[in-house]
Amino acid sequence: MASTLRRRVFGNDTPTEPSPAQTPRDQSPVRPGEKVKVVHKRKETRKRKTTGIFLLGSLFGIIAAGFFAKSNDLIDFEFPELGDLSMDNLFEILPAGFVKDMRELVNGERDFLESYDAFSVGHKVRSEGLSSHHPVVLVPGVISTGLESWGTSNESLPYFRKRLWGSWSMMRALVMDKENWKRHIMLDHATGLDPPGVKLRAAQGFDATDFFITGYWIWNKIIENLATLGYDPTNSFTAAYDWRLAYPNLEKRDQYFSRLKAHIEMAVKLDNKKVVLTSHSMGSQVVFYFFHWVASEHGGKGGYDWVEKHVESWINVSGCMLGAVKDVAAILSGEMRDTAQLNAFAVYGLEKFLSKDERAEIFRAMPGMSSMLPMGGNAIWGDLDGAPDDVPGQAVSFGSFLNFRTNQNWSIPKTNFTVDDAMKYLYDTTEDWYRDSVKTSYSQGVAHTMEEVEANELDPRKWINPLETRLPLAPSLRVYCFYGVGKPTERAYYYRSPELGAFTNLNMTIDTALTQGDVDHGVVMGEGDGTVNLMSTGYMCNKGWKLKRYNPAGAKITVVEMPHEPERFNPRGGPNTADHVDILGRSNLNELILRIAAGKGDEIQDYVVSNIREYAERVKIYEEQ
């Protein structure tokens with residue numbers, strides 16, 4: 001079957017290319033006693049045509065499910081309410097180009113799954129004599145943990161113990177029972193907790209994060225490879241959490257940090273070895289917050305030596321340590337690059353099904369997502385005179401974050417906004433409950449002195465922000481920063497007032513009609529991994545944690561950047577992708593994680609290919625004199 005699908009992609013007359021010879025990247029990067037230097041072989045790639053999977057769109061889910069199911073049985077099984085609607089009927093009313101893209105996407109993913117040796121990285125490392133050594137704790141990122149209903153009210157009973165996030169049950173509820181789904185997925189405005197009569201909780205165990213929906217893996221590749229070294233539920237653990245909650249409420253409602261502390265302590269006691277924490281995306285913020293909580297008298301009361309005693313290494317994968325600028329657009333107007341670049345047909349369908357107003361409302365009612373609002377203000381992200389990550393020949397500085405075209409007769413601000421201006425505008429124009437929930441949970445500032453940093457240890461609002469607080473007082477802690485580079489990532493926007501006559505509560509929307517130069521449908525692209533900007537993934541690892549006040553114990557920081565080198569016809573990018581999510585299936589990332597877990601992390605050396613160190617030197621944050 002795989003060969004048949006491959007012929008469909010390349011064409012019947014295209015000969016099959018021979019397998020490439022083994023390269024240094026395919027070989028073991030280390031022999032006993034040698035240091036590891038990660039080497040990436042660059043190759044020419046053409047821009048891939050990709051199909052977006054909408055965060056809150058059900059249409060993709062129905063169609064993709066039909067392809068994976070290979071029959072119309074899915075309609076009868078998962079969506080009996082749709083009656084006589086078949087996949088063929090649905091395809092007839094969709095644009096031919098959209099259906100063609102979907103077929104290529106899903107056929108390519110199926111081809112990849114059938115041909116990929118899932119455990120190959122683990123077998124390779126095991127053949128060198130390595131095995132499980134440290135207990136491993138996995139901390140997932142935003143939206144990748146499934147959420148299941150435990151409510152017993154009349155409106156919740158149909159969904160009891162069904163996932164309303166991260167399953168086909170979510171898709172069915174979104175299509176057939178949208179208002180009830182929204183009521184379950186959105187938190188109470190006043191309390192930031194479950195609305196009355198609703199009880200949604202994070203799924204637990206490896207099943208909570210291995211796949212988002214059937215066929216779309218998240219952590220599964222890492223779990224498979226860990227298993228080849230001897231890991232199982234007795235020496236590895238997934239610390240899943242409800243990513244919608246503000247961090248203080250993770251402890252208040254679910255006792256999440258208390259449970260994580262107890263699990264780590266038990267693992268250390270049973271194995272007599274310190275743990276390796278592996279986090280991804282928002283999960284890295286959660287781990288950083290946990291480091292402060294566990295030591296504080298206002299939190300876990302573990303004392304400032306708790307991390308030194310219990311944590312061997314922290315593997316920070318694609319961590320949004322300084323937030324993500326796309327979070328501003330999502331919360332301000334319910335938009336991001338994925339929605340701005342849709343064609344007119346798709347925009348019409350998405351707006352009819354889930355409008356910008358509704359999307360903004362949902363994002364605001366998930367306070368956990370606001371932890372990823374950009375931190376550091378103009379010092380990190382620049383001002384109207386320039387930004388640290390500006391490049392030569394750039395028409396408009398990235399420091400001009402929200403831009404507005406003049407002479408358009410729109411009711412818009414008269415000057416462009418920096419990140420600081422945009423944050424002030426966001427707080428001034430959103431609801432009081434949203435502003436209060438964010439400001440009482442998080443802080444986005446900069447501490448310029450050691451005295452400020454130490455004082456902030458007493459303020460839980462500061463605990464997510466590495467520019468206002470420090471790494472743990474753990475001199476033997478090893479921090480590994482592994483993140484992708486080379487994939488265009490949202491960095492700034494052009495905004496306008498809403499369309500005339502539009503029924504909306506939004507004050508502005510992305511100017512999707514503007515496409516010229518570096519601007520694509522109102523979105524300005526910069527450097528990153530496709531989701532999180534390079535300044536966020538890279539600044540603290542390459543410069544910030546080298547400043548004494550942010551790393552007073554001198555914990556060792558190792559940085560390995562991973563260039564984005566996707567396979568053209570692989571929908572998830574293949575073994576050398578560096579996409580924000582798909583990087584979890586990247587071969588050398590898996591290998592590095594296994595080596596650290598096996599106690600060989602000290603052999604890994606820095607590998608930096610981007611200009612992050614140059615950008616970091618331009619940041620207006622300095623060592624205290």
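**Exercise 1.** In this predicted model, determine which elements the buried residues of H10 pack against.

*Solution.* The partners of these buried residues are strand E4 (200-202), H11 and H12. The residues concerned are Tyr 247, Asn 249, Leu 250, Glu 251, Arg 253 and Asp 254. Helix H10 spans residues 247-254, and 6 of its 8 residues are buried, so the helix is largely enclosed by the rest of the structure. Gln 255 follows H10 and has a positive phi, near 50°.

**Exercise 2.** Classify the geometry of the aromatic pair formed by Phe 257 and Phe 290, and state where each residue lies.

*Solution.* The structure holds 23 aromatic pairs. In the pair of Phe 257 and Phe 290, the ring centres are 6.3 Å apart and the planes meet at 20°. Because centres within 6.5 Å count as a pair and planes under 30 degrees apart count as stacked, the pair is classed as stacked. Phe 257 belongs to helix H11 (residues 256-271) and Phe 290 to helix H12 (residues 282-295); with these positions 33 residues apart, the pair links distant parts of the chain. Both Phe 257 and Phe 290 are buried. Ring pairs also join these two residues into a cluster whose members include Tyr 247, Tyr 256, Trp 293 and Trp 463.

**Exercise 3.** Identify the rings over which Arg 572 is placed.

*Solution.* The charged end of Arg 572 sits over the ring of Tyr 216, at 3.9 Å from its centre. Arg 572 also lies over the face of Trp 217, where the distance to the ring centre is 3.9 Å.

Technical notes. Residues numbered from 1 in each chain as written. Predicted model: local features only at pLDDT ≥ 70, side-chain atom pairs only at ≥ 80, totals over all residues. Heavy atoms only, no water. Phe/Tyr/Trp six-rings, centres within 6.5 Å; stacked < 30°, edge-to-face > 60°. Helix = DSSP H or I, 4+ residues; strand = E, 2+ residues; numbered from the N terminus. Buried < 20%, exposed > 50% of the residue type's maximum accessible area, 1.4 Å probe, protein only. Lys NZ or Arg CZ within 6 Å of the ring centre and 35° of its normal. Contact = heavy atoms within 4.5 Å.
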